[in-house]
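Grab a pencil and get ready to read a protein model piece by piece. Try each task yourself before you look at the solution.

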Amino acid sequence: MQVKEQPQTELPRVLNASHATSIVVGIIIGSGIFLVPREMMAAVGSSGMVYAVWIVGGLLSLFGAMTYAEIAALRPRYGGEYAFLREAYGDLVGFLYMWTWITIAKPASIATIAAGLARVLATFPVFYFFEHRAVGPLLWSQVFAIAMTWLITGLNILGTRKSGNVQLALTWLKILLIVVIAGFCFGAGGSHGSWHNFATEFTGARGGFSGFMIALIAALWAYDGWSDVTQMAGEVQKPQRSLPLALVGGVAIVGAMYMLTNAAIQYVMPAATIASADRPAADALRMIAGNWGAGLVSIGMAVSICATFVGSSLSGARVPFAAAHDGLFFRQLAYVHPKFHTPSTSLILQAVLSSLLLLVIGRFQALFSLAIFAEWFFYALTASTVFVFRRREPDIIRPYSVWGYPVLPLLFIAAAIVLLVFSFADQPRNSIIGTLIILCGIPLHFAFRRRSRVA
(Lines give C-alpha, C1' and ligand atoms only; values in the text may rest on other atoms or scores of the structure.)
Protein backbone atom coordinates (compact mmCIF):
# COMPACT_ATOMS: atom_id res chain seq x y z
CA MET A 1 0.00 0.00 0.00
CA GLN A 2 1.33 3.42 -0.98
CA VAL A 3 1.79 5.82 1.92
CA LYS A 4 0.45 9.27 1.20
CA GLU A 5 3.00 12.00 1.90
CA GLN A 6 1.99 14.57 4.48
CA PRO A 7 2.15 18.16 3.23
CA GLN A 8 5.08 20.18 4.56
CA THR A 9 4.04 22.78 7.15
CA GLU A 10 7.42 24.19 8.25
CA LEU A 11 9.90 26.43 6.44
CA PRO A 12 13.52 25.20 6.43
CA ARG A 13 16.37 27.16 8.03
CA VAL A 14 18.38 28.03 4.91
CA LEU A 15 19.70 31.55 5.66
CA ASN A 16 23.06 32.13 7.36
CA ALA A 17 24.38 35.19 9.23
CA SER A 18 25.61 36.82 5.99
CA HIS A 19 22.18 36.48 4.40
CA ALA A 20 20.51 37.92 7.51
CA THR A 21 22.92 40.87 7.65
CA SER A 22 22.45 41.56 3.93
CA ILE A 23 18.67 41.60 4.47
CA VAL A 24 19.10 44.27 7.17
CA VAL A 25 21.55 46.40 5.15
CA GLY A 26 19.79 45.76 1.83
CA ILE A 27 16.34 46.73 3.08
CA ILE A 28 17.47 49.84 4.99
CA ILE A 29 19.61 51.43 2.27
CA GLY A 30 17.10 52.25 -0.43
CA SER A 31 16.73 55.60 -2.17
CA GLY A 32 16.51 57.57 1.10
CA ILE A 33 20.20 58.42 1.51
CA PHE A 34 20.30 59.85 -2.02
CA LEU A 35 17.25 62.07 -1.45
CA VAL A 36 16.75 63.03 2.23
CA PRO A 37 19.85 65.27 2.64
CA ARG A 38 17.75 68.00 0.99
CA GLU A 39 14.88 67.68 3.49
CA MET A 40 17.30 67.53 6.40
CA MET A 41 19.30 70.59 5.35
CA ALA A 42 16.10 72.57 4.62
CA ALA A 43 14.88 71.69 8.13
CA VAL A 44 18.00 72.36 10.25
CA GLY A 45 20.19 74.58 8.03
CA SER A 46 23.77 73.53 8.88
CA SER A 47 26.15 70.61 8.36
CA GLY A 48 26.70 70.23 12.09
CA MET A 49 22.98 69.90 12.79
CA VAL A 50 22.53 67.50 9.87
CA TYR A 51 25.19 65.23 11.36
CA ALA A 52 23.58 65.55 14.79
CA VAL A 53 20.31 64.32 13.25
CA TRP A 54 22.03 61.41 11.46
CA ILE A 55 23.74 60.39 14.71
CA VAL A 56 20.57 60.66 16.83
CA GLY A 57 18.55 58.76 14.18
CA GLY A 58 21.25 56.10 13.92
CA LEU A 59 21.49 55.67 17.69
CA LEU A 60 17.72 55.41 18.09
CA SER A 61 17.58 52.80 15.32
CA LEU A 62 20.48 50.96 16.98
CA PHE A 63 18.64 51.01 20.33
CA GLY A 64 15.61 49.50 18.59
CA ALA A 65 17.75 46.89 16.83
CA MET A 66 19.44 45.91 20.11
CA THR A 67 16.04 45.57 21.81
CA TYR A 68 14.69 43.44 18.96
CA ALA A 69 17.89 41.36 18.99
CA GLU A 70 17.27 40.26 22.59
CA ILE A 71 13.68 39.28 21.82
CA ALA A 72 14.43 37.56 18.50
CA ALA A 73 17.44 35.59 19.77
CA LEU A 74 15.29 34.10 22.53
CA ARG A 75 12.22 33.60 20.29
CA PRO A 76 13.30 32.93 16.68
CA ARG A 77 9.76 32.49 15.38
CA TYR A 78 8.06 32.92 12.01
CA GLY A 79 6.60 36.39 11.60
CA GLY A 80 8.95 38.23 13.98
CA GLU A 81 7.01 41.11 15.52
CA TYR A 82 3.70 39.27 15.11
CA ALA A 83 5.02 36.33 17.14
CA PHE A 84 6.54 38.57 19.85
CA LEU A 85 3.33 40.60 20.27
CA ARG A 86 1.11 37.52 20.32
CA GLU A 87 3.24 35.82 22.95
CA ALA A 88 3.48 38.96 25.10
CA TYR A 89 -0.04 40.41 24.78
CA GLY A 90 -2.24 37.65 23.38
CA ASP A 91 -3.95 36.64 20.14
CA LEU A 92 -5.85 39.91 19.61
CA VAL A 93 -2.73 42.13 19.56
CA GLY A 94 -0.89 39.63 17.36
CA PHE A 95 -3.83 39.55 14.96
CA LEU A 96 -4.04 43.37 14.84
CA TYR A 97 -0.36 43.55 13.91
CA MET A 98 -0.83 40.94 11.18
CA TRP A 99 -3.98 42.67 9.91
CA THR A 100 -2.25 46.06 9.80
CA TRP A 101 0.83 44.54 8.18
CA ILE A 102 -1.09 42.76 5.43
CA THR A 103 -3.54 45.60 4.66
CA ILE A 104 -1.43 48.75 5.10
CA ALA A 105 2.23 48.49 6.03
CA LYS A 106 3.71 45.86 3.73
CA PRO A 107 1.64 46.35 0.55
CA ALA A 108 2.17 50.14 0.83
CA SER A 109 5.89 49.60 1.48
CA ILE A 110 6.34 47.29 -1.51
CA ALA A 111 4.26 49.57 -3.73
CA THR A 112 6.39 52.53 -2.59
CA ILE A 113 9.59 50.66 -3.48
CA ALA A 114 8.21 49.69 -6.89
CA ALA A 115 7.02 53.25 -7.60
CA GLY A 116 10.39 54.61 -6.43
CA LEU A 117 12.27 52.27 -8.79
CA ALA A 118 10.12 53.42 -11.72
CA ARG A 119 10.73 57.06 -10.77
CA VAL A 120 14.51 56.56 -10.71
CA LEU A 121 14.60 54.69 -14.03
CA ALA A 122 12.45 57.43 -15.61
CA THR A 123 15.50 59.72 -15.36
CA PHE A 124 17.19 57.68 -18.12
CA PRO A 125 16.21 58.71 -21.68
CA VAL A 126 15.50 55.09 -22.66
CA PHE A 127 12.58 55.03 -20.19
CA TYR A 128 11.02 58.30 -21.43
CA PHE A 129 7.70 56.52 -22.02
CA PHE A 130 7.16 55.83 -18.29
CA GLU A 131 5.17 59.05 -17.96
CA HIS A 132 2.98 58.19 -20.97
CA ARG A 133 -0.36 56.44 -20.66
CA ALA A 134 -0.42 52.70 -21.32
CA VAL A 135 -4.12 51.82 -21.05
CA GLY A 136 -6.74 54.40 -20.08
CA PRO A 137 -5.45 56.40 -17.08
CA LEU A 138 -2.78 53.76 -16.32
CA LEU A 139 0.81 54.98 -16.85
CA TRP A 140 3.65 52.81 -18.14
CA SER A 141 5.48 53.49 -14.85
CA GLN A 142 2.62 51.79 -12.98
CA VAL A 143 2.70 48.84 -15.41
CA PHE A 144 6.46 48.51 -14.85
CA ALA A 145 6.08 48.73 -11.05
CA ILE A 146 3.43 46.00 -11.05
CA ALA A 147 5.54 43.80 -13.35
CA MET A 148 8.57 44.18 -11.03
CA THR A 149 6.42 43.29 -8.02
CA TRP A 150 5.48 39.99 -9.63
CA LEU A 151 9.02 39.32 -10.89
CA ILE A 152 10.45 39.68 -7.36
CA THR A 153 7.57 37.59 -5.97
CA GLY A 154 8.40 34.84 -8.47
CA LEU A 155 12.04 34.86 -7.34
CA ASN A 156 10.98 34.59 -3.69
CA ILE A 157 8.67 31.66 -4.50
CA LEU A 158 11.45 29.77 -6.31
CA GLY A 159 13.52 29.54 -3.15
CA THR A 160 14.39 31.45 0.01
CA ARG A 161 18.07 30.56 -0.31
CA LYS A 162 18.09 31.77 -3.94
CA SER A 163 16.52 35.07 -2.89
CA GLY A 164 19.02 35.33 -0.02
CA ASN A 165 21.93 34.87 -2.46
CA VAL A 166 20.52 37.56 -4.80
CA GLN A 167 20.04 39.84 -1.79
CA LEU A 168 23.64 39.28 -0.67
CA ALA A 169 25.03 40.05 -4.16
CA LEU A 170 22.90 43.19 -4.59
CA THR A 171 23.86 44.45 -1.13
CA TRP A 172 27.59 44.12 -1.84
CA LEU A 173 27.09 45.87 -5.19
CA LYS A 174 25.12 48.62 -3.44
CA ILE A 175 27.90 49.21 -0.89
CA LEU A 176 30.52 49.25 -3.68
CA LEU A 177 28.57 51.85 -5.67
CA ILE A 178 28.16 54.08 -2.58
CA VAL A 179 31.91 53.93 -1.94
CA VAL A 180 32.64 54.73 -5.61
CA ILE A 181 30.23 57.69 -5.59
CA ALA A 182 31.79 59.04 -2.38
CA GLY A 183 35.27 58.53 -3.87
CA PHE A 184 34.36 60.63 -6.91
CA CYS A 185 33.08 63.42 -4.67
CA PHE A 186 36.11 63.53 -2.38
CA GLY A 187 38.47 63.14 -5.32
CA ALA A 188 37.00 66.17 -7.09
CA GLY A 189 39.14 68.83 -5.44
CA GLY A 190 39.71 72.24 -7.01
CA SER A 191 36.57 74.12 -7.96
CA HIS A 192 34.30 71.12 -7.41
CA GLY A 193 34.91 70.42 -3.74
CA SER A 194 35.92 72.17 -0.55
CA TRP A 195 36.02 71.45 3.18
CA HIS A 196 34.75 75.01 3.62
CA ASN A 197 31.29 73.81 2.53
CA PHE A 198 30.91 72.08 5.89
CA ALA A 199 30.94 75.51 7.58
CA THR A 200 28.20 76.99 5.37
CA GLU A 201 24.60 77.49 6.47
CA PHE A 202 21.16 77.69 4.86
CA THR A 203 19.51 80.78 6.35
CA GLY A 204 16.02 79.82 5.17
CA ALA A 205 15.89 76.67 7.29
CA ARG A 206 12.95 76.07 9.60
CA GLY A 207 15.28 75.55 12.57
CA GLY A 208 14.48 75.03 16.23
CA PHE A 209 12.95 71.90 17.74
CA SER A 210 10.35 71.49 15.00
CA GLY A 211 13.04 71.67 12.31
CA PHE A 212 15.13 69.08 14.16
CA MET A 213 12.13 66.76 14.44
CA ILE A 214 11.27 67.09 10.73
CA ALA A 215 14.87 66.20 9.88
CA LEU A 216 14.82 63.33 12.39
CA ILE A 217 11.68 61.87 10.78
CA ALA A 218 13.49 61.95 7.42
CA ALA A 219 16.54 60.26 8.96
CA LEU A 220 14.47 57.57 10.70
CA TRP A 221 12.68 56.90 7.41
CA ALA A 222 16.10 56.44 5.78
CA TYR A 223 17.06 54.01 8.58
CA ASP A 224 13.71 52.19 8.44
CA GLY A 225 13.52 48.47 7.62
CA TRP A 226 16.01 46.95 10.08
CA SER A 227 13.23 45.03 11.88
CA ASP A 228 12.17 43.03 8.80
CA VAL A 229 14.85 40.37 9.31
CA THR A 230 13.08 39.22 12.51
CA GLN A 231 10.19 38.01 10.34
CA MET A 232 12.66 35.54 8.79
CA ALA A 233 13.86 34.35 12.22
CA GLY A 234 12.30 30.91 11.73
CA GLU A 235 14.45 30.38 8.62
CA VAL A 236 17.81 31.64 9.94
CA GLN A 237 20.50 29.15 10.94
CA LYS A 238 21.90 29.54 14.49
CA PRO A 239 19.45 32.40 15.18
CA GLN A 240 20.73 33.00 18.72
CA ARG A 241 23.99 34.25 17.19
CA SER A 242 22.99 35.28 13.68
CA LEU A 243 20.05 37.58 14.50
CA PRO A 244 21.85 39.88 17.01
CA LEU A 245 24.83 40.04 14.64
CA ALA A 246 22.58 40.94 11.69
CA LEU A 247 20.50 43.53 13.57
CA VAL A 248 23.24 45.35 15.46
CA GLY A 249 25.98 44.90 12.82
CA GLY A 250 23.62 45.76 9.95
CA VAL A 251 22.47 49.05 11.49
CA ALA A 252 26.10 49.99 12.27
CA ILE A 253 27.14 49.34 8.63
CA VAL A 254 24.23 51.44 7.37
CA GLY A 255 25.13 54.30 9.72
CA ALA A 256 28.69 54.32 8.36
CA MET A 257 27.44 54.33 4.74
CA TYR A 258 25.02 57.17 5.45
CA MET A 259 27.66 59.35 7.11
CA LEU A 260 30.06 58.73 4.21
CA THR A 261 27.46 59.62 1.56
CA ASN A 262 26.30 62.73 3.40
CA ALA A 263 29.89 63.93 3.86
CA ALA A 264 30.60 63.38 0.16
CA ILE A 265 27.58 65.49 -0.87
CA GLN A 266 28.47 68.28 1.57
CA TYR A 267 32.08 68.32 0.37
CA VAL A 268 30.86 69.19 -3.14
CA MET A 269 27.89 71.48 -2.41
CA PRO A 270 27.30 74.24 0.18
CA ALA A 271 24.31 74.07 2.51
CA ALA A 272 22.03 76.39 0.48
CA THR A 273 22.60 74.35 -2.70
CA ILE A 274 21.80 71.06 -0.93
CA ALA A 275 18.59 72.55 0.53
CA SER A 276 17.33 73.42 -2.97
CA ALA A 277 18.50 70.27 -4.80
CA ASP A 278 15.82 67.74 -5.79
CA ARG A 279 18.40 64.92 -5.97
CA PRO A 280 21.47 66.05 -3.98
CA ALA A 281 23.71 63.06 -4.74
CA ALA A 282 22.97 63.18 -8.48
CA ASP A 283 23.47 66.96 -8.57
CA ALA A 284 26.82 66.62 -6.78
CA LEU A 285 28.08 64.05 -9.31
CA ARG A 286 26.71 66.14 -12.20
CA MET A 287 28.85 69.08 -11.02
CA ILE A 288 31.93 66.84 -11.04
CA ALA A 289 31.46 64.59 -14.06
CA GLY A 290 28.50 65.89 -16.04
CA ASN A 291 25.49 63.80 -17.00
CA TRP A 292 27.31 60.46 -16.78
CA GLY A 293 28.09 61.22 -13.13
CA ALA A 294 24.41 61.81 -12.43
CA GLY A 295 23.69 58.60 -14.33
CA LEU A 296 26.05 56.70 -12.02
CA VAL A 297 24.03 57.90 -9.03
CA SER A 298 20.81 56.81 -10.74
CA ILE A 299 22.31 53.36 -11.34
CA GLY A 300 23.33 53.22 -7.67
CA MET A 301 19.81 54.19 -6.62
CA ALA A 302 18.25 51.55 -8.92
CA VAL A 303 20.53 48.78 -7.57
CA SER A 304 19.88 49.97 -4.02
CA ILE A 305 16.11 49.91 -4.52
CA CYS A 306 16.25 46.43 -6.12
CA ALA A 307 18.05 45.07 -3.05
CA THR A 308 15.39 46.65 -0.82
CA PHE A 309 12.69 45.18 -3.09
CA VAL A 310 13.95 41.59 -2.77
CA GLY A 311 14.39 41.70 1.01
CA SER A 312 11.15 43.53 1.75
CA SER A 313 9.04 41.16 -0.35
CA LEU A 314 10.83 38.11 1.05
CA SER A 315 10.29 39.03 4.70
CA GLY A 316 6.80 40.52 4.44
CA ALA A 317 4.96 37.34 3.48
CA ARG A 318 6.10 35.56 6.66
CA VAL A 319 3.65 37.51 8.84
CA PRO A 320 0.35 36.23 7.35
CA PHE A 321 2.01 32.80 6.99
CA ALA A 322 2.76 32.76 10.74
CA ALA A 323 -0.76 33.88 11.67
CA ALA A 324 -2.30 31.21 9.43
CA HIS A 325 0.13 28.65 10.85
CA ASP A 326 -1.17 29.56 14.35
CA GLY A 327 -4.80 29.26 13.23
CA LEU A 328 -5.55 33.00 13.50
CA PHE A 329 -6.05 33.60 9.77
CA PHE A 330 -7.01 31.75 6.59
CA ARG A 331 -5.39 28.31 6.71
CA GLN A 332 -4.55 28.48 2.99
CA LEU A 333 -1.91 31.13 3.73
CA ALA A 334 0.07 28.58 5.78
CA TYR A 335 0.64 26.54 2.60
CA VAL A 336 4.28 25.59 1.97
CA HIS A 337 5.20 24.88 -1.66
CA PRO A 338 6.16 21.17 -1.83
CA LYS A 339 9.05 21.74 -4.25
CA PHE A 340 10.43 25.16 -3.34
CA HIS A 341 9.64 25.07 0.43
CA THR A 342 8.40 28.68 0.44
CA PRO A 343 5.11 30.29 1.60
CA SER A 344 3.94 30.71 -1.98
CA THR A 345 0.27 31.50 -1.28
CA SER A 346 1.20 34.21 1.22
CA LEU A 347 3.69 35.70 -1.25
CA ILE A 348 1.04 35.77 -3.99
CA LEU A 349 -1.49 37.51 -1.71
CA GLN A 350 1.12 40.13 -0.82
CA ALA A 351 1.82 40.77 -4.52
CA VAL A 352 -1.90 41.07 -5.32
CA LEU A 353 -2.47 43.68 -2.58
CA SER A 354 0.65 45.65 -3.58
CA SER A 355 -0.46 45.65 -7.24
CA LEU A 356 -3.91 46.93 -6.27
CA LEU A 357 -2.33 49.83 -4.38
CA LEU A 358 -0.17 50.65 -7.40
CA LEU A 359 -3.27 50.66 -9.59
CA VAL A 360 -5.37 52.79 -7.24
CA ILE A 361 -2.76 55.22 -5.91
CA GLY A 362 0.50 54.91 -7.84
CA ARG A 363 2.07 58.10 -6.40
CA PHE A 364 5.27 57.69 -4.35
CA GLN A 365 4.58 60.19 -1.56
CA ALA A 366 0.97 59.08 -0.98
CA LEU A 367 2.08 55.46 -0.67
CA PHE A 368 4.86 56.33 1.76
CA SER A 369 2.71 58.43 4.11
CA LEU A 370 0.08 55.68 4.25
CA ALA A 371 2.58 53.21 5.76
CA ILE A 372 4.65 55.28 8.20
CA PHE A 373 2.06 55.76 10.97
CA ALA A 374 1.12 52.08 11.29
CA GLU A 375 4.74 50.90 11.18
CA TRP A 376 5.97 53.11 14.03
CA PHE A 377 2.99 52.36 16.24
CA PHE A 378 3.91 48.68 16.21
CA TYR A 379 7.65 49.39 16.52
CA ALA A 380 6.95 50.97 19.91
CA LEU A 381 4.57 48.19 20.96
CA THR A 382 6.99 45.42 19.92
CA ALA A 383 9.93 47.01 21.73
CA SER A 384 7.79 47.11 24.89
CA THR A 385 7.59 43.30 24.89
CA VAL A 386 11.18 43.14 26.16
CA PHE A 387 9.84 44.38 29.55
CA VAL A 388 7.07 41.76 29.53
CA PHE A 389 9.48 38.89 28.82
CA ARG A 390 12.05 40.14 31.35
CA ARG A 391 9.38 40.26 34.06
CA ARG A 392 7.78 36.97 33.02
CA GLU A 393 11.06 35.03 32.67
CA PRO A 394 13.61 36.68 34.99
CA ASP A 395 15.90 33.64 35.35
CA ILE A 396 16.00 32.35 31.77
CA ILE A 397 19.39 32.33 30.01
CA ARG A 398 19.34 34.95 27.23
CA PRO A 399 21.63 34.40 24.20
CA TYR A 400 21.83 38.19 23.85
CA SER A 401 20.84 40.91 26.32
CA VAL A 402 20.28 44.51 25.26
CA TRP A 403 22.96 46.76 26.70
CA GLY A 404 21.73 49.62 28.87
CA TYR A 405 18.43 47.97 29.82
CA PRO A 406 15.93 49.50 30.60
CA VAL A 407 17.12 52.94 29.44
CA LEU A 408 17.87 52.20 25.78
CA PRO A 409 14.57 50.38 25.04
CA LEU A 410 12.68 53.22 26.77
CA LEU A 411 14.52 55.82 24.64
CA PHE A 412 13.54 53.96 21.47
CA ILE A 413 9.89 53.69 22.56
CA ALA A 414 9.82 57.41 23.47
CA ALA A 415 11.28 58.31 20.06
CA ALA A 416 8.67 56.17 18.31
CA ILE A 417 5.86 57.90 20.23
CA VAL A 418 7.24 61.36 19.35
CA LEU A 419 7.48 60.32 15.71
CA LEU A 420 3.86 59.15 15.81
CA VAL A 421 2.71 62.49 17.22
CA PHE A 422 4.55 64.45 14.53
CA SER A 423 3.34 62.06 11.83
CA PHE A 424 -0.24 62.52 13.00
CA ALA A 425 0.14 66.30 12.98
CA ASP A 426 1.79 66.34 9.55
CA GLN A 427 -0.47 63.73 7.88
CA PRO A 428 -3.70 63.66 9.94
CA ARG A 429 -5.85 62.18 7.16
CA ASN A 430 -3.56 59.21 6.46
CA SER A 431 -2.91 58.68 10.17
CA ILE A 432 -6.66 58.56 10.90
CA ILE A 433 -7.18 56.13 8.00
CA GLY A 434 -4.38 53.96 9.39
CA THR A 435 -5.91 54.01 12.89
CA LEU A 436 -9.36 53.08 11.57
CA ILE A 437 -7.95 50.16 9.56
CA ILE A 438 -6.15 48.88 12.68
CA LEU A 439 -9.39 49.10 14.69
CA CYS A 440 -11.30 47.23 11.94
CA GLY A 441 -9.15 44.24 12.83
CA ILE A 442 -10.85 43.88 16.25
CA PRO A 443 -14.23 42.57 14.99
CA LEU A 444 -12.41 40.56 12.32
CA HIS A 445 -10.34 38.80 14.97
CA PHE A 446 -13.43 37.73 16.91
CA ALA A 447 -15.11 36.63 13.65
CA PHE A 448 -12.12 34.40 12.88
CA ARG A 449 -12.22 32.98 16.42
CA ARG A 450 -15.91 32.05 16.03
CA ARG A 451 -15.18 30.55 12.62
CA SER A 452 -12.31 28.54 14.09
CA ARG A 453 -14.50 27.20 16.91
CA VAL A 454 -17.17 26.12 14.43
CA ALA A 455 -14.57 24.41 12.26
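Below are six exercises, each with a worked solution.

A quick note before you start: this is a predicted model, where local features need pLDDT of at least 70, side-chain atom pairs count only at pLDDT 80 or more, and totals for chains, interfaces and linings use all residues. Residues are numbered from 1 along each chain as its sequence is written, and side-chain values use heavy atoms, with hydrogens and water left out.

**Exercise 1: Confidence**

Find out which element has the lowest mean pLDDT and which has the highest.

*Solution.* Start with the term: pLDDT is the predictor's confidence in each residue, from 0 to 100. Next, take the whole protein: the average is 87, and 95% of the residues score at least 70. Now go element by element. Helix α4 (residues 81-89) comes out highest with a mean of 95, while α15 is lowest with 79.

**Exercise 2: The overall build**

Work out how the radius of gyration of the protein fits that of a compact globule with 455 residues.

*Solution.* First, list the parts: the protein has 17 helices and 2 strands (DSSP runs numbered from the N terminus; helices are H or I with at least four residues, strands are E with at least two). Second, get the rule: the radius of gyration is taken over C-alpha atoms, and the globule rule is 2.2 Å times the number of residues to the power 0.38. Third, put them side by side: the rule gives a value near 23 Å and the protein has 22 Å, which agrees. Finally, look at the inside: 57% of the 455 residues count as buried (under 20% relative accessible area with a 1.4 Å probe, protein chains only; exposed is over 50%, partly exposed in between).

**Exercise 3: Odd backbone spots**

Which two residues does the cis peptide bond join, and where does K238 lie?

*Solution.* Begin with the usual case: most residues other than glycine have a negative phi, and most peptide bonds are trans. Now for the exceptions.

- The cis bond joins Y405 and P406, with omega at about 5°. P406 sits in the loop between α15 (364-392) and α16 (407-426).
- K238 has a positive phi of about 45° without being a glycine. You'll find K238 in the loop between α8 (208-223) and α9 (239-268). With 65% relative accessibility, K238 is exposed.
- H341 isn't a glycine either, yet its phi is positive, about 60°. H341 belongs to the loop between α13 (318-325) and α14 (344-360), and at 30% relative accessible area H341 is partly exposed.

**Exercise 4: Long-range salt bridges**

Explain why the salt bridge of R398 and E70 ties together parts that are 328 residues apart in sequence.

*Solution.* Step one is the rule: a salt bridge is a side-chain nitrogen of Lys or Arg within 4 Å of a carboxyl oxygen of Asp or Glu. By that rule there are 10 salt bridges. Step two: the side chains of R398 and E70 meet at 3.3 Å, N to O. Step three: R398 is in the loop between α15 and α16, and E70 is in helix α3 (residues 47-74), so the pair bridges 328 residues of sequence. Both ends are tucked in: R398 is buried at 14%, and E70 is buried at 4%.

Now try E393 and R75, whose salt bridge has an N to O distance of 2.6 Å. E393 lies in the loop between α15 and α16 and R75 in the loop between α3 and α4, 318 residues apart. R75 is buried, with a relative accessible area of 3%.

**Exercise 5: The surface patch**

Which helix supplies the largest share of the nonpolar patch?

*Solution.* Patches use residues with over 30% relative accessible area and no salt bridge; like charges are joined within 9 Å, and nonpolar side chains (Val, Leu, Ile, Met, Phe, Trp, Tyr) within 5 Å. Here W150, I348, V352, L356, L359 and V360 make up a nonpolar patch, together with about 520 Å² of accessible area (Shrake-Rupley method, 1.4 Å probe; for residues, only the protein chains shown count as cover). The answer is α14, with 5 residues. One of the members, I348, is partly exposed at 37%.

**Exercise 6: Contacts of S109**

Is S109 buried or exposed, and which residues is S109 in contact with beyond its neighbours within four places in sequence?

*Solution.* Locate S109 in helix α5 (residues 91-121). Its relative accessibility is 17%, so S109 counts as buried. Contact means heavy atoms within 4.5 Å. Leaving aside those sequence neighbours, S109 is in contact with I104, S312 and E375.
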